[in-house]
Structures are given as structure tokens and as C-alpha cells.
Amino acid sequence: MQTPQQFANRQIGVPFYNGTHYLAIQMLEGFVPRDQIKLGRVPNGSPYRFKMLMDGTIDATTLTEPYISLAEKKGCRLVIAAFHHGTEVASDRVDAETYSAFNRAVREAVRRINANKRAYMHYFIDYYKDKDPEIAKLTIDDLRESRLYMVDPAPIPADELQRTYDWMKSWDFLETASCATDLVDMNVQQKGHQRAPHEPAPLQ
């Protein structure tokens with residue numbers, strides 16, 4: 001397959017109700033009619049989906065690094081890609097103060113990683129190398145820094161939240177939420193993203 005249009009009525013393996021499930025649909029919708037998007041449920045975790053792809057069990061799947069790079073080395077073609085715009089999901093036990101502390105740590109991590117991406121690329125390999133000998137053979141030079149895209153955590157804009165809610169309802173992914181704000185505790189979000197007085201804001 002050379003283009004996303006060719007995924008019409010082809011079996012694509014995705015982990016259902018996961019970020020890559022939703023992202024796969026969003027990527028395909030611009031090229032394939034909804035009734036021709038054929039998704040099959042496969043396990044969470046790129047190692048499992050990579051093996052199914054190489055075995056020919058599925059025609060295509062979603063992968064994350066370092067399995068994108070490994071698949072390319074094995075002769076697979078990257079047909080369509082996107083960055084996942086995610087957020088943290090927490091139970092009601094996580095209060096605003098804890099959420100704020102978490103976000104401060106994430107912002108510091110974003111700052112450090114963006115300052116020297118290459119210094120952190122080895123973590124992609126380190127995480128899997130003891131479980132997968134093929135990943136252990138990869139080097140940092142096999143990975144692309146451009147695929148590592150980090151941004152500061154921020155509140156979900158109201159218009160984006162509404163569009164996401166409407167899209168998920170259109171796919172029947174929401175059973176109980178009657179409106180977009182049922183999905184997000186706006187008070188915790190607002191307080192959780194407030195910066196400490198000494199913490200600088202990012203450059204625009």
C-alpha cells in the first residue's frame with residue numbers, strides 16, 4: 001500500500017478504546033469513507049502488533065517508537081503518521097494540588113528533553129531491549145529525533161474539547177456523558193495548570 005486511500009476495506013489492527021485507536025480513525029477519515037474503515041481489535045503494545053504485522057495476520061497497524069523504526073528496517077512502509085495529542089486521565093482521588101505538582105514535573109521534563117533530544121532517545125531502546133532482541137540491535141542512529149515532539153501540558157481549549165466530544169459521540173464511543181464538560185473536571189484542570197509564582201511561562 002502506498003497511500004491512505006488504499007486502506008479502504010483493509011483490515012487494520014488497533015488496540016480498541018486507546019489513544020492510537022482514536023488517532024487511527026482520525027488519520028483515515030480524511031481519505032476513506034467511514035463505512036470502509038475496517039478496524040480489528042489487537043493487543044495493546046507495539047511489540048504484539050508488530051509481530052502480527054510481520055506474520056501477515058493484519059494488513060496494517062499503528063506503531064510507536066522504537067517499533068516504527070524497526071518496521072522500516074524490516075522493509076515496512078510508513079503510510080500515514082500523526083502526533084498523538086493526549087492528556088492525563090486520573091481518578092477523583094487526584095486533587096488539584098497533586099495534578100499541579102505532576103504538571104510541574106512534566107514541564108521540567110519537556111524543557112530538558114527539547115534541549116537535547118538525542119540524549120534521551122536511548123530510552124526507547126532501553127525499555128524494550130531486554131524483552132526483544134531485535135530492538136536490542138537498534139542504535140540511537142536508527143531513530144529519528146523529529147518523531148520526539150514534546151510540549152508543555154496545558155488546559156484543553158473549550159472549542160477543542162467540544163469538537164472532540166462531538167467526534168466521539170459520532171462514533172458512539174461515549175455512553176453516559178451528556179455534554180463535553182462531563183469528560184473533564186474543569187476546576188481541577190484550571191488549578192492543576194496554574195504555574196507557581198516563580199515558574200516562568202514558555203516562550204511564544
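Begin by selecting Ser170 and Arg34, whose side chains are joined by a polar contact of 3.0 Å; the model you have open is a predicted one. Ser170 belongs to helix α7, and, with a relative accessible area of 41%, Ser170 is partly exposed. Keep Ser170 selected and add Trp167, because the side chain of Ser170 also reaches the backbone oxygen of Trp167, at 2.5 Å, a pair that falls within the 3.5 Å allowed for a polar contact.

From Arg34, move next to Tyr128, which is 94 residues away from Arg34 in sequence and 35 Å away in space when the two C-alpha atoms are compared. Tyr128 is found in helix α5, which covers residues 122-129. Is Tyr128 buried or exposed? Its relative accessibility is 15%, so Tyr128 counts as buried, the cut-off for that class being under 20%. To see what surrounds Tyr128, display Pro47, Glu65, Pro66, Tyr67 and Ile135, which are its contacts once neighbours within four places in sequence are left aside.

Now colour helix α1, residues 19-29, and look at how this helix is covered. Nine of the 11 residues of α1 are buried, so the helix is largely enclosed by the rest of the structure. The buried residues to select are Gly19, Thr20, His21, Tyr22, Leu23, Ala24, Ile25, Met27 and Leu28. Which elements cover them? Among those that do are the strands β1 (11-14) and β2 (38-41), together with the helices α2 (46-55) and α7, the last of these being the helix in which Ser170 lies.

Within α1, centre the view on His21, which is buried, with a relative accessible area of 3%. A polar atom of the His21 side chain lies 2.7 Å from the backbone nitrogen of Tyr17. Beyond the neighbours within four places in sequence, His21 is in contact with Val14, Pro15, Phe16, Leu39 and Phe173, so displaying these five residues as sticks shows what lies within the 4.5 Å contact limit.

Finish on the surface by selecting Phe83, Tyr149 and Val151, which form a nonpolar patch with about 350 Å² of accessible area together. Val151 sits in the loop between α6 (133-136) and α7 (158-170). With a relative accessible area of 52%, Val151 is exposed, whereas His21, at 3%, is buried.

Notes: Residues are numbered from 1 along each chain as its sequence is written. This is a predicted model: local features need pLDDT of at least 70, side-chain atom pairs count only at pLDDT 80 or more; totals for chains, interfaces and linings use all residues. Side-chain values use heavy atoms; hydrogens and water are left out. Helices (H or I, at least four residues) and strands (E, at least two) are DSSP runs, numbered from the N terminus. Buried means under 20% relative accessible area, exposed over 50%, partly exposed in between (1.4 Å probe, protein chains only). A polar contact is a pair of N or O atoms within 3.5 Å; within protein, one must be able to donate a hydrogen and the other to accept it, and residues adjacent in sequence count only if both atoms are side-chain atoms. Patches are made of residues with over 30% relative accessible area and no salt bridge: like charges are joined within 9 Å, nonpolar side chains (Val, Leu, Ile, Met, Phe, Trp, Tyr) within 5 Å. Accessible areas come from the Shrake-Rupley method with a 1.4 Å probe; for residues, only the protein chains shown count as cover. A salt bridge is a side-chain nitrogen of Lys or Arg within 4 Å of a carboxyl oxygen of Asp or Glu.
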